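Me: Please take a close look at a single part of this model, and then set that part in the context of the whole chain. A connected account would be preferred to a list.

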Amino acid sequence: MIGLLGLGRMGGGMARRWRRAGLPVLAHDPDPGARAQAAKDGVAVAESLEELLSRLPQPRNLWLMVPASAVEEALEALKPKLVPGDLVVDGGNSPYRQSQRRGSELAALGVGFLDVGVSGGLWGEAEGYGLMVGGDRALMERILPYLKALAPEGGLVHAGKLGAGHYAKMVHNGVEYALMEAYAEGIELLAAAHEELGLDPKAVVAAWRRGTIVRSFLLDRFAEVLEGDLEVEPFVADSGEGRWAVEEALRRGLPAPALAQALFARWESQGRASLRYRLLALVRRAFGGHPVRRRDAD
């Protein structure tokens, strides 16, 4: 049996996938609504962390599926209750160096630790989650049926030593940023030729999905959103992994211009570049007399 802590969008989907595979899982989430939904979906639920731990057979297998910002708090709550032989899996997007530290701290208690990068989002429950596992291979073997039940054929990899799973997921998300930025720029360029050439970006992108070199899962999602309402605020959040990937490239002295530019583009959408652009406009006026547009202008 495995104990799952975290029943959000990813955790809930994973619990249901395990259940459908016939694997026993007991789940807990501090949110009563999340627990109620999981129970409605047929997932066994513990009402408290204490109940979860007491009902798991020893040695216990615990999978954390919480945001990176909540992992430390969750581990601190767990540590006093863990016993030698227990295994903790962090399936969130933690920085890999923190995963190395956490693994070392748990090892001192006789507790195993695996860092697992998980990709798949909302589609993972139906199609499977890509899993990148870091840590001792023997510990991975211990929960191998659960890993195989989550991953599609060929989508599970032992990435390497402790920290390798989250390192691989960090790089994955940096690449994801760059791919999304390239697709978005290309589609915007298609749209710019609409009036001159009668070009239909939606039709072109839909055709790109079949047989072209650039077809992909992400392109499929772009084609879908082009069919819907595009009138949303042009704000693109960054959840941290893309930034960590760029920082790691800098630390290792490796050029990663596409990853960096994709991250900077997201920051630009968040208004972080607005001062820069205001300064540029004002300096153009200062040396060349060029007009500026007020912020309340169209």
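**Helix H1 and its surroundings**

Reply: Gly 22, just after H1, adopts a positive phi of about 80°. The model is a predicted one, and every value below is computed from it. H1 itself covers residues 9-20, which makes 12 residues. From first C-alpha to last, H1 reaches 17 Å, close to the 16 Å expected at 1.5 Å a residue.

The buried residues of H1 are Gly 11, Gly 12, Gly 13, Met 14, Ala 15, Arg 17 and Trp 18. The list thus holds a charged residue, Arg 17, as well as three glycines. Their cover includes strands S1 (2-5), S2 (25-28) and S4, together with helices H6 (124-127) and H8.

Two of these neighbours lead directly to the interior of the protein. Trp 18 of H1 belongs to the largest nonpolar core, which has 32 residues, and is listed with Leu 4, Trp 63, Leu 114, Val 116, Leu 131 and Leu 147 as touching the most other members. The largest share of this core, 5 residues, is supplied by helix H8 (residues 144-150). H8 therefore appears twice here, because it helps to cover the buried residues of H1 and gives the core its largest share. There is also a second, separate core of 19 residues, with Leu 62, Val 66, Val 71 and Leu 106 among its members. In soluble globular proteins, nonpolar side chains tend to be buried together.

Strand S4, another part of the cover over H1, is preceded by an unusual peptide bond. The loop between helix H3 (49-55) and strand S4 (61-64) contains Pro 59, and the bond from Gln 58 to Pro 59 is cis, with omega near -5°. Most peptide bonds are trans, and most residues other than glycine have a negative phi.

A further point of reference in the interior is Val 88, which lies in strand S5 (residues 87-90). Its relative accessibility is 0%, so Val 88 counts as buried. Leaving aside residues up to four places away in sequence, Val 88 touches Leu 62, Leu 64, Leu 75, Leu 82, Leu 106, Val 111, Gly 112, Phe 113 and Leu 114. Of these contacts, Leu 62 and Leu 106 are named in the second core, whereas Leu 114 is named in the largest one. The C-alpha atom of Val 88 is separated by 19 Å from that of Ala 168, 80 residues apart along the chain.

Elsewhere in the chain, helix H9 (residues 164-192) packs with helix H14 (residues 257-269) and with H13. H9 and H13 meet at an angle of about 105°, their axes 8 Å apart, and are therefore roughly perpendicular to each other. On the H9 side, this contact is formed by Tyr 167, Met 170, Asn 173, Gly 174 and Tyr 177; on the H13 side, by Glu 241, Gly 242, Trp 244, Ala 245, Glu 248 and Arg 252. By class, these are 5 nonpolar, 3 polar and 3 charged residues.

H9 and H14 pack at an angle of about 70°, again with axes 8 Å apart, which makes this pair roughly perpendicular as well. Here H9 contributes Gly 174, Val 175, Tyr 177, Ala 178, Met 180 and Glu 181, and H14 contributes Ala 258, Leu 259, Ala 262, Leu 263, Ala 265 and Arg 266. The classes in this contact are 9 nonpolar, 1 polar and 2 charged.

Two residues illustrate the H9 and H13 contact in detail. Glu 248, in helix H13 (residues 241-252), has a relative accessible area of 7% and is therefore buried. Beyond four places in sequence, Glu 248 touches Tyr 96, Tyr 167 and Met 170. Tyr 167, in H9, is partly exposed, because its relative accessibility is 24%. With the same exclusion of sequence neighbours, Tyr 167 touches Tyr 96, Glu 248 and Arg 252. Tyr 96 is thus a contact of Glu 248 and also of Tyr 167. The C-alpha atoms of Tyr 167 and Trp 244 are separated by 9.3 Å, although 77 residues apart along the chain.

The whole chain has 15 helices and 8 strands. Its C-alpha trace spans about 75 × 40 × 35 Å along the principal axes, and 42% of its 298 residues count as buried. Among contacts between residues at least 6 apart in sequence, 64% join residues at least 24 apart.

Note on methods:
Residues numbered from 1 in each chain as written. Heavy atoms only, no water. Core = buried A, V, L, I, M, F, W, Y, C linked by side-chain atoms within 4.5 Å. Buried < 20%, exposed > 50% of the residue type's maximum accessible area, 1.4 Å probe, protein only. Helix = DSSP H or I, 4+ residues; strand = E, 2+ residues; numbered from the N terminus. Axes fitted to C-alpha atoms, helices over the stretch in contact; angles between N-to-C directions. Parallel < 35°, antiparallel > 145°, perpendicular 65-115°, else oblique. Contact = heavy atoms within 4.5 Å. Nonpolar A, V, L, I, M, F, W, Y, C, P; charged D, E, K, R; others polar. Expected span 1.5 Å × (residues − 1).
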